[in-house]
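Me: I am new to this structure and would like to know how its descriptions are reached. Could you take me through them?

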Amino acid sequence: SGGDSVARAPSSLASENVDCGAGRFRLSLSSFLDIRKGDITVWSVDGSTDAIVNAANERMLGGGGVDGAIHRAAGPELVAACRAVPEVRPGVRCPTGEARITPAFRLPVSYVIHTVGPIYDTDKQPEVSLRNAYRNSLRLAKENGIMYIAFPAISCGVYRYPYEAASKIAISAVKEFSDDFKEVHFVLFSDDTYNAWLDTARELLP
Ligand code: AR6
C-alpha cells in the first residue's frame, strides 16, 4: 500500500471488522496479533508495507480455495509473476514448507507471499512442514520490510490439517517473530478455524 507512513488502527482495514476487537492480542510492547473472520483478498493496511500469505501448491500456478480467490483478485499478472519464479525441479517452484514472494498487482497490499503447507495425510512430518511454512513466510516478510502481514489457515482446507493442531503451530510460530512486525493477522474464512485460533491465542497469549 502506498501513501503516508503513519500506521493506522485496525479500523483502517478494508475487511469487515466482524470481531470488534475481541480477537486482538499483544505480542510485544509494540506489536499485536489479530484474529478475525473474513476474506483475505480484501485485507490491507493503509500507508504501510503489507502482505498477504497464499496457501499455494508446489507448482505455484493457482488452484482452488484461498489460492484461487487470491489469483482472481490479483488478476492475470499474478500467475505470470509466479511462472517467472524458477523451478527447483520439474513442476516445483516452491517446495512444501518454503515460501516465495511476488508483487500483489490488483490486490490492495504490497506483496503476496506464497507458501506451501503439508498435505496432512501424506506428509511424513506434517507438523514440521507446517511450522516451516509459517516460519519461512515470516522470515521472507521480514527480509522485505513488511510491517503488517495476514495469513489464512494454511493447509486447513483441501490439505485437511486438523484446525486445533494447526492453530497451535501457527500462533507459536508467530510468537517467535514477536518483535519483527507491527501486526500479524489471521483472516479466517470458516467459523471452525476462527474459533480454534481464538481458543489457542487465549491459551498461548494470555
Ligand atoms: N480468505 C481467507 N481464507 C480463505 C479464503 C479467503 N478468500 N478462501 C478459502 N479460505 P485451502 P490448503 C480458507 O484449501 O488446505 C488450493 O487448491 C479455507 O476455508 O485454500 O492449504 C491450492 O492451490 C481454509 O480454512 O488451502 C493447493 O493446491 C484455508 O483457507 C491447495 O488448495 C485453506 O484452505 C492448498 O490447500
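Reply: Happily; here are some terms, each set against its definition. This is a predicted model, in which local features need pLDDT of at least 70 and side-chain atom pairs count only at pLDDT 80 or more, while totals for chains, interfaces and linings use all residues. Residues are numbered from 1 along each chain as its sequence is written, and side-chain values use heavy atoms, with hydrogens and water left out.

Me: Why is Asn 132 called partly exposed?

Reply: Its relative accessible area is 28%. Buried means under 20% and exposed over 50%, with partly exposed in between (1.4 Å probe, protein chains only). Asn 132 is therefore partly exposed.

Me: Where is Asn 132 placed?

Reply: Asn 132 belongs to helix H3, residues 126-143. A helix here is a DSSP run (H or I) of at least four residues, numbered from the N terminus.

Me: What makes the pair of a ligand oxygen and Ser 155 a polar contact?

Reply: A polar contact is a pair of N or O atoms within 3.5 Å. A ligand oxygen lies 2.8 Å from a polar backbone atom of Ser 155, so the pair fits the definition. A polar backbone atom of Gly 157 is also 2.8 Å from a ligand oxygen, and for Cys 156 the distance is 3.5 Å.

Me: How many residues of each class are in the shell around the ligand?

Reply: There are 11 nonpolar, 9 polar and 2 charged residues. Ala, Val, Leu, Ile, Met, Phe, Trp, Tyr, Cys and Pro count as nonpolar, Asp, Glu, Lys and Arg as charged, and the others, Gly among them, as polar. Helix H1 (residues 65-74) gives the most to this shell, with 4 residues.

Terms used
A polar contact is a pair of N or O atoms within 3.5 Å; within protein, one must be able to donate a hydrogen and the other to accept it, and residues adjacent in sequence count only if both atoms are side-chain atoms. Helices (H or I, at least four residues) and strands (E, at least two) are DSSP runs, numbered from the N terminus.
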